[in-house]
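Colleague: Please pick one part of this model and look at it closely. Start from a small detail and work outwards, so that I can follow each step on the screen.

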Amino acid sequence: MIKVLVVDDDVSVCKSLVGFLEDSNFEVASVSSGEEALVLAIKEYFDVAIVDLRLPEISGDALILKAHQLVPGLRFIIHTGSVGYRLSDELKQIGLLPAHVFMKPMDDLNELVEGIKKLVTGEEEE
Amino acid sequence: MKNNPQDGKPWETQAIRLVGKWSIKRKLVLIIMLVSSAVMILTGGAFIAYQWFSERQRMEKDLAGLADIYAESCKAPLIWNYQKEAELLLSNLHDYEPIVRAYLYRPDGSLFAKYQREDYLDDFPPPVFQEEGSHFVGRWLVMRKQIILDKETIGVLYLQSNLNELYDLIKQNAVPLAVLILLALVAAYILSAKLQEVISGPLYYLAKMAGKVSQNEDYSVRAVKQSDDEIGQLTDAFNKMLTQVEKRDIALRESEEKYRSLYDTSRDAIMISSTTGKIISANPSTIELFGCENEGELISQTTADLCPEFQPDGLPSQKKYEEMLKLALKKGAHFFEWKHKKINGEGFDAEVLLNSMHLQDEKIIHASIRNITDRKRNEEELRRLRNLLSNIINSMPSVLVGVDMEGRVTHWNREAEKITGVKANEAQGHTLADVFPQLTGEMEKVAQAIRECVPLKDEKIANEVNGEVHYSDITVYPLTSNGIEGAVIRVDDITERVRIEEMMIQSEKMLSVGGLAAGMAHEINNPLAGILQNVQVIRNRIKKGLPKNDEVADICGTTIDVIEKYVIERGIFPMIDSVMESGRRASKIVDNMLSFSRKSDSNFSPHNLAALLDKTVELVSNDYDLKKKYDFRKIEILRKYEKNVPEVICEASKLQQVFLNLLKNGAQAMSEKKYTEEKPHFILRVLLEEQMVRIDIEDNGPGMDEMTRKRIFEPFFTTKGVGLGTGLGLSVSYFIITENHNGRMTVDSIMGKGTNFIIHLPMDRSTQ
């Protein structure tokens, strides 16, 4: 079973994501800040982390870079409400693609489910 | 005889002619002499004649007496036939000297006795007289006397007397008479020679004076009056005449001097020539004008020599001059402009007045020539200046209309012609109300501006031209210099500027919306995500399909089938869908608002706009929206694409979005209009204009009012019902065109007729 970590400080967004992903047969954990995410990522294994960019204290970007250092096998999906967001070069270097960026609000969460599956199976990678 | 007319004249005429040559003095003497001679001779002749006749009467009487005596004496001898006695008796006649012969005849005619004086012995046959009495025959006086006795003729006595006595008497008287006459004539001559001077003297004096006047042409002399008779009157008349002549002479001389000085000093060249072109006379100005040394040099020329070969209009001078001359001869005078030539060949412009005149039965041409080279040059300069000024005024992009105090047009520039369609010459003198009704209301301003000497301005005056609203600034400048009262009204069409201002306001509004959207997008998107995601989770969890649903339902003592049935029965799924739809629309609004922020990540490439437009039309044609109640397939598409319109560097998808938006809006608007005559249609135009590509998307829908037109691009402004439009479609289109593509987007609309969206795109946005 694919293990997913949802990082979002918006409770409503966070809980609904967890619910939907669980309904879609993922094993899901959630945290509301970067520090918690790092602690949990080190402690437990996750296939994918779904990261909101605007987080208190550590931003989503910084979290991804830090987590990548600490847990090199972890994959990331960015889920953001910031319009016009662009992947930074550092993020690109660690393998993030525009396909891994999902804009809030999504019309259909199944898109995200498909995105996670592809990311884990490595289908989208050349 | 020679054929001399003088010879043919009668002598009297010759005599009169001869005498006519004499002086009055001689004539007077002659007349007096003739008159005195005639009087003397007549008197003398009468005297002699009287003596002659009285002597003859006396002689007859004497002879008759003698005959009576001798007839009585002879009776006896006759009766008694005493011849000797008779002869003796007759011889007694010897004492009576004049009797030269006496004859006594018998009644039968035979001679009875005779007597002859000794010195008259020649044989003189006795004349036979039948008549009684005395008769003068030749140098003789003869007498026949019948001797009657008792009524019976017994004999006839003839007496013949000479006239010596008569002649002697005449001789005696005639000589002294002649001497007397001669003496009288001499006296008469002397007297007349003296006295004639009384008459001839003053005449001679007058004649001398007249001679002097005529010889010296001195009309100032006056004759001295010597008497009060006719000659005195003549003298008066002569003097009066002289006075008049002198006056006239002075006047004539003054006039002549006046005209001469006019002629000589006139700055106008005056020249007299024959009709054939021979120059007869020329004044000093003419000589100077043609650059001659003296009149002689000029006179040696002909009028043709003083003209160049051709006139400025290209006609040969000679031919044209003949025409001018013909006109002058016909009308009496002719005035025209002419190119003349100086004697050195230098040409000059002149004004010529040809007068045809008569001078001693001959037609001559009096020409006044004025050099107008300077004037021409000034005129040329003036014309050039006027053209320049008029050019400047006409080049102005503003309407410039000059008016007087009464509002009549005094000037009308080309822009005014363009705007009103009235030509300057048609507008001149008409009132503003006639030719520029829009400005009629400005007359009060004109009066005020002139009164206060300050320009007055009305800004942004709206007026409708062909259904379109145009804006103008109207400025009234008073004209107060040089006594010209009036004003210049300047009208600037600021429609374009107003539109641009409107556009800029739109852009500013949109940008601020964009900025706002960018700032709040995150804050809105998160709750939206919360809503949409939770709703989706809810939707999943109240229907069949998830193992967890079955499991939880079971724990809850029910089945998911029941739950789903309940949800369906309660109509919850459409509600959930509605929540999701609303959430998506809110998300779309935010998304649209975000497009108002400047972004530069778009991909621009050259595109053929006509093709792009066609592609969009095709796309929209398949869009059959029952909900929005329009059917694109019923709309006619009229394409008016110009050929050779260059490609435009643009973001195709964005432009397509604009076209799609416009076409959909148009279709929707047309669906709200009821068509009776025509069918709904789009006119699509692609053309090159002002170095830009212009795209028109024109519909014949219901159109819009001015208020709507002004606000149509404003964000959140919509004419559609709530929920039908976001109020951002046209704003986004506008933003795409103006901000993303550096183009312009405007809209023209006429209520009831339709709407035209006009897009101008630069061929390369980066060069604009």
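Modeller: In this predicted model, strands E9(B) and E10(B) form a hairpin with 2 residues between them. Gln360(B) sits in the turn, where its phi is positive, at about 50 degrees. Strand E9 covers residues 347-359 of chain B, and 10 bridges join it to E10(B). The two strands run antiparallel. One pair to pick out is Leu354(B), which stands opposite Ala367(B) in E10(B).

Strand E10 is made of residues 362-371 of chain B, and it also pairs with strand E6, residues 269-274. This pairing is antiparallel too, over 6 bridges. Ala367(B) appears here again, as the bridge partner of Met271(B). Ala367(B) is thus a partner of both Leu354(B) and Met271(B).

What is the full order of the strands in this sheet? The sheet is open and has 5 strands, in the order E7-E6-E10-E9-E8 (chain B), with antiparallel pairing. Strand E7 (279-282) and strand E8 (333-341) of chain B have a single partner strand each, so one side of each has no neighbour in the sheet. From one strand to the next, the twist averages 30 degrees. As a general point, strands of a sheet pair through backbone hydrogen bonds, either parallel or antiparallel. At the E7 end, E6(B) and E7(B) are joined by 3 bridges in the antiparallel sense. Ile272(B) stands opposite Ser281(B) of E7(B).

Helices pack on this sheet as well. H9(B) touches E8, E9 and E10 of chain B, and its direction makes about 160 degrees with that of E8(B). Helix H10 (residues 373-395) of chain B lies across E8, E9 and E10 of chain B, and runs at about 130 degrees to E9(B).

A loop residue ties several of these pieces together. Thr303(B) is in the loop between helix H8 (295-299) and helix H9 (317-331) of chain B. Is Thr303(B) buried or exposed? Thr303(B) counts as buried because its relative accessible area is 8%, and the cut-off for buried is under 20%. Setting aside neighbours within four places in sequence, Thr303(B) is in contact with Met271(B), Ser273(B), Gly277(B), Ile279(B) and Tyr321(B). By their numbers, Met271(B) and Ser273(B) belong to strand E6, Ile279(B) belongs to strand E7, and Tyr321(B) belongs to helix H9. Met271(B) is the residue whose bridge partner in E10(B) is Ala367(B), which leads back to the hairpin strand.

Now to where this part sits in the chain. The domain assignment of chain B gives five stretches: domain 1 (18-216), domain 2 (266-377), domain 3 (396-493), domain 4 (501-592) and domain 5 (601-767). The numbers of the hairpin strands, 347-359 and 362-371, fall inside domain 2.

Domain 1 can be set beside it, as the numbers given for its strands fall within 18-216. There, an open sheet of 5 strands has the order E2-E1-E5-E4-E3 (chain B), again with antiparallel pairing. Its edge strands are E2 (111-116) and E3 (133-137) of chain B, each pairing on one side only. Neighbouring strands in this sheet are turned by 15 degrees against each other on average, with direction ignored. Strand E4 (residues 140-149) and strand E5 (residues 152-162) of chain B pair antiparallel over 10 bridges. Arg144(B) has Tyr158(B) as its bridge partner in E5(B). Helix H3 (residues 24-80) of chain B lies across E1 (99-105), E2, E3, E4 and E5 of chain B, at about 35 degrees to E4(B).

The C-alpha centres of domain 1 and domain 5 of chain B lie 165 Å apart. Along its principal axes, the C-alpha trace of chain B spans about 255 × 65 × 55 Å. Chain B has a radius of gyration of 75 Å, whereas a compact globule of 768 residues would have one near 27 Å. Of those 768 residues, 39% count as buried. In all, the secondary structure of chain B comes to 22 helices and 24 strands, and the hairpin of E9(B) and E10(B) is one piece of it.

Terms used
Residues numbered from 1 in each chain as written. Chains lettered and ligands numbered in written order. Predicted model: local features only at pLDDT ≥ 70, side-chain atom pairs only at ≥ 80, totals over all residues. Heavy atoms only, no water. Domains from an automatic or database assignment. Pairing = 2+ DSSP bridges. Helix = DSSP H or I, 4+ residues; strand = E, 2+ residues; numbered from the N terminus. Axes fitted to C-alpha atoms, helices over the stretch in contact; angles between N-to-C directions. Contact = heavy atoms within 4.5 Å. Rg over C-alpha atoms; globule rule 2.2 N^0.38 Å. Buried < 20%, exposed > 50% of the residue type's maximum accessible area, 1.4 Å probe, protein only.
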